[in-house]
Amino acid sequence: MNTLFKQTLTASLLSTMIVGTAFAAPSEAPPDFIKRVADGLITRLKADHAKLQSNPALVKSIVRQNLDPYVDSQAFTRIVMGTYATNQYSTAAQRAQFETNFRNTLIENYGSAFAKYTNQSYTMRPYKATAGKNPVVTLDFSHNGDKIPVSFQLADKGTQWKIRNINVSGIDLGLQFRNQFAATVKRNGGDLNKAVLVQWLRVTPQKAGLHFKNVPEKMLKIIQACHLQEDLHLI
């Protein structure tokens, strides 16, 4: 293969890669993406406002349809698990289970908050583009005369943006959940399987209405150590 042909082939491949990358970039600016997601969610909440507090399943369905598809749960999971998200401390199966549990936790938390929705409005702060790969868009939600700032950190997923972390009134949710998870792992002697189990137990009864019968002594000790006995339906 002569030098000219190699150079031509290399240039062709690079051009294809550049064009492919440009084509895969999100078509929306970060503020437009967040506005579209927020407006879609608020529209649904307004439409079903009268049913929200009496129908938790409806609220969770709204969250699943209008917010969950735009959350980068894998990135959120890595933030929350911290060092435990590496192969040194966890398996791919454990991380996948944690991601499923964590997504359910988010839906539970958002569902509880949105059930109290009473036609709050929001304003968007001026967006400042940076050279960073994770742009941040901040909305100020009005609530009882107060403004609650909510900042969304985004990740470029190729064809669209996704939310990888959220900060509410200065509280980094990813970091807060990470501290909780690290404490749970420590409380269970560094056993990641137990920590993931505890996380699943925290959300499953509310989500599926399950009852636990003839709980083995070992599991009962885990439940008691994590102060979950009042939240679970033990028979």
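Which residue just after H4 takes a positive phi of about 60 degrees? Glycine 82 does, and the legend for View 3 returns to H4. This is a predicted model, in which local features need pLDDT of at least 70 and side-chain atom pairs count only at pLDDT 80 or more, while totals for chains, interfaces and linings use all residues. Residues are numbered from 1 along each chain as its sequence is written, and side-chain values use heavy atoms, with hydrogens and water left out.

**View 1. The whole chain, with its eight helices and five strands.** Welcome to the overview. Helices (H or I, at least four residues) and strands (E, at least two) are DSSP runs, numbered from the N terminus. Along the sequence they come in the order α-α-α-α-α-β-β-β-β-β-α-α-α. The chain has 235 residues, and 37% of them count as buried; buried means under 20% relative accessible area, exposed over 50%, and partly exposed in between, with a 1.4 Å probe and protein chains only. A contact means heavy atoms within 4.5 Å. Among contacts between residues at least 6 apart in sequence, 55% join residues at least 24 apart.

**View 2. Helix H2, residues 30-47, and its buried face.** At 1.5 Å a residue, the 18 residues of H2 should span 26 Å, and its end C-alpha atoms are indeed 26 Å apart. The expected span is 1.5 Å times one less than the number of residues. Look for Pro30, Pro31, Phe33, Ile34, Val37, Ala38, Leu41, Ile42 and Leu45, the buried residues of H2. Seen down the helix axis, they fall within an arc of 165 degrees, so they line one face of H2. That arc is taken from the directions from the helix axis to the C-beta atoms. On the other side of H2, Thr43 and Ala47 are exposed. The cover over the buried residues includes helices H3 (56-66) and H5 (92-114), along with strands S1 (122-124), S2 (136-143), S3 (146-156) and S4 (161-168).

**View 3. Helix H4, residues 73-81, largely enclosed by the rest of the structure.** Seven of the nine residues of H4 are buried, so the rest of the structure largely encloses this helix. The buried ones are Ser73, Ala75, Phe76, Thr77, Ile79, Val80 and Met81. Right after the helix comes glycine 82, with its positive phi of about 60 degrees. Also in this view is phenylalanine 98, which lies in helix H5. At 1% relative accessibility, phenylalanine 98 counts as buried. Its C-alpha atom is separated by 9.7 Å from that of valine 80, although the two residues are 18 apart along the chain.

**View 4. The largest pocket, with a volume of about 820 Å³.** Of the 27 residues that line this pocket, Tyr110, Ala113, Phe114, Phe141 and Val150 are the closest to its centre. On a 1 Å grid over the protein atoms alone, a pocket is an open set of points with protein on both sides within 12 Å along at least five of seven lines, a cavity is a set where a 1.4 Å probe fits but cannot get out, and lining residues have an atom within 4 Å of a point. Grid points are joined across faces, edges and corners, and a volume is the space filled by probe spheres set on the points. H2, H5, S2, S3, S4 and helix H6 (173-187) each supply at least two lining residues. H2 gives the most, with six. The lining divides into 22 nonpolar, four polar and one charged residue. Here Ala, Val, Leu, Ile, Met, Phe, Trp, Tyr, Cys and Pro count as nonpolar, Asp, Glu, Lys and Arg as charged, and the others, Gly among them, as polar.

**View 5. The largest cavity, with a volume of about 60 Å³.** A search of the whole structure finds one cavity of 30 Å³ or more. Val63, Leu67, Asp68, Val71, Ser73, Arg103, Leu106, Ile107 and Tyr110 line the largest cavity. H5 gives the most to this lining, with four residues. By class, there are six nonpolar, one polar and two charged residues.

**View 6. Serine 169, in the loop between S4 and strand S5 (171-172).** Serine 169 has a positive phi of about 50 degrees although it is not a glycine. At 46% relative accessibility, serine 169 counts as partly exposed. Leaving aside neighbours within four places in sequence, serine 169 is in contact with Ile148 and Pro149. The C-alpha atoms of serine 169 and aspartate 140 are separated by 9.5 Å, with their positions 29 residues apart along the chain counted as their distance apart.
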